[in-house]
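I opened the notebook today to look at how the chains of this model meet, and what I looked up is entered below in the order in which I went through it.

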Number of protein chains: 2
Amino acid sequence: MNIIISNSSSVPIYEQIKQAIKTAILSYELKEDENLPSVRNLANDLRISFLTVKKAYDELEEEGYIKTIQGKGSFVAPKNIELMKEERRREIEKHVEEIIKIAKIYNINKSEIDDIFNYIASEEDIDIN
Amino acid sequence: MNIIISNSSSVPIYEQIKQAIKTAILSYELKEDENLPSVRNLANDLRISFLTVKKAYDELEEEGYIKTIQGKGSFVAPKNIELMKEERRREIEKHVEEIIKIAKIYNINKSEIDDIFNYIASEEDIDIN
DNA sequence: ATACTGTTATATACTAAACATAACAGCTAA
DNA sequence: TTAGCTGTTATGTTTAGTATATAACAGTAT
């Protein structure tokens with residue numbers, strides 16, 4: 001797993017770590033029961049305090065993404081497949097809600113939004129269909 | 001103009017004010033040269049410090065949305081129509097970019113995204129087409 | 001035992017956000 | 001002209017969140 005954090009970002013470091021690990025788990029890059037780096041190792045790699053990593057891990061555990069056992073380490077929690085699909089969907093829903101809210105205020109219709117989709121998709125050089 | 005702020009939100013109060021006024025301007029609810037509430041009045045209405053309102057107004061001026069004249073008040077700045085369209089589009093683009101990033105990671109295709117669109121649109125009881 | 005894991009406690013530093021208060025300055029209408 | 005609005009500036013305080021360092025403690029495995 002490759003975590004890159006930005007020191008200058010307004011997003012807290014522990015939050016960046018959480019996001020990176022969440023994404024890795026939801027995209028199956030990290031598999032069930034797979035070992036996460038130890039708090040001290042990851043902290044050394046990222047050149048930050050282990051307390052910052054611990055905070056990220058603590059919250060990930062609270063949210064059910066990982067499981068930590070004292071003396072052993074942290075592991076990807078076994079997760080309900082349906083639940084994971086739901087969570088990925090929710091991420092998208094949040095943004096769609098925002099888009100629709102904006103479209104409503106500014107009277108923008110679906111075809112205009114589709115145009116933006118196609119524009120962004122082509123820019124990122126991916127096939128969205 | 002009706003501004004509602006949440007004290008418990010993690011979004012700063014001055015940011016909430018900025019967003020509300022920006023939206024009102026971009027949606028033509030506030031028209032060119034229209035008078036904004038005075039910093040002290042708005043502060044009283046919202047029961048916050050006038051310094052917080054001033055911070056919001058200062059940044060809105062910096063971004064070109066309003067114009068402030070000492071002793072007179074703050075006014076909606078005359079804006080380039082094309083520029084406004086661009087800005088509204090950018091708001092949507094930001095979200096589309098996020099959606100595509102997520103779709104890329106999780107292998108979600110456009111029809112699934114469209115389903116979500118239709119779902120949210122129907123929930124909000126609006127015609128998106 | 002040693003060397004890894006995670007845990008806890010304490011203390012410090014820094015920053016952003018929000019506030020209170022007071023004094024000052026420009027505009028305008030009575 | 002003055003009263004009562006506007007905005008401006010300065011100073012200081014409080015609070016919460018983030019991140020750090022250090023040290024000591026506890027569980028696991030070889």
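**Interface of chain A and chain B**

I began with the area, and found that chain A and chain B bury about 3,700 Å² between them, with 77% of it on carbon and sulfur atoms. I keep in mind throughout that this is a predicted model. I chose buried area as my starting point because the size of an interface is often given as the accessible area lost when the parts come together. In terms of residues, I noted that 32 of chain A are in contact with 32 of chain B.

I then turned to the polar side of the interface, where four residue pairs are in polar contact between chain A and chain B, both partners being at pLDDT 80 or more. On the chain A side that touches chain B, helix 1 (13-26), helix 4 (81-106) and helix 5 (110-123) each supply at least two residues. Helix 4 of chain A gives the largest share of that side, with 15 residues. Sorting the residues of the side of chain A that touches chain B by type, I entered 17 nonpolar, five polar and ten charged.

**Helix 5 against helix 5**

Next I looked at how helix 5 of chain A lies against helix 5 (residues 110-123) of chain B, and the two pack at an angle of about 145 degrees with their axes 13 Å apart. Their crossing is right-handed. In this contact K110(A), I113(A), D114(A) and F117(A) meet K110(B), I113(B), D114(B) and F117(B), and the residues divide into four nonpolar, no polar and four charged.

**Salt bridges**

How many salt bridges does the rule find across the interface of chain A and chain B? I recorded two, and K110(A) forms a salt bridge with D114(B), in which the closest N and O atoms are 3.0 Å apart. Over all chains the count comes to 24 salt bridges.

Within chain A I also looked up E63(A), whose side chain meets that of K18(A) in a salt bridge at 2.7 Å, N to O. Since E63(A) lies in the loop between helix 3 (50-62) and strand 1 (66-69) of chain A, and K18(A) in helix 1 of chain A, the pair ties together parts that are 45 residues apart in sequence.

**Y14(B)**

Last, I looked at Y14(B), which lies in helix 1 (residues 13-26) of chain B. Leaving aside residues up to four places away in sequence, Y14(B) touches T52(B), K55(B), A56(B) and E59(B). I also noted that Y14(B) and I25(B) are eleven residues apart in sequence and 17 Å apart in space, C-alpha to C-alpha.

Methods. Residues are numbered from 1 along each chain as its sequence is written. Chains are lettered from A and ligands numbered from 1 in the order in which they are written. This is a predicted model: local features need pLDDT of at least 70, side-chain atom pairs count only at pLDDT 80 or more; totals for chains, interfaces and linings use all residues. Side-chain values use heavy atoms; hydrogens and water are left out. Contact means heavy atoms within 4.5 Å. Buried area is the accessible area (1.4 Å probe) that two parts lose on being put together, summed over both. A salt bridge is a side-chain nitrogen of Lys or Arg within 4 Å of a carboxyl oxygen of Asp or Glu. A polar contact is a pair of N or O atoms within 3.5 Å; within protein, one must be able to donate a hydrogen and the other to accept it, and residues adjacent in sequence count only if both atoms are side-chain atoms. Helices (H or I, at least four residues) and strands (E, at least two) are DSSP runs, numbered from the N terminus. Ala, Val, Leu, Ile, Met, Phe, Trp, Tyr, Cys and Pro count as nonpolar, Asp, Glu, Lys and Arg as charged, and the others, Gly among them, as polar. Axes are lines fitted to C-alpha atoms, for helices over the stretch in contact, and angles run from 0 to 180 degrees between N-to-C directions. A crossing is left-handed if the near helix is turned anticlockwise from the far one by less than a right angle, and right-handed if clockwise.
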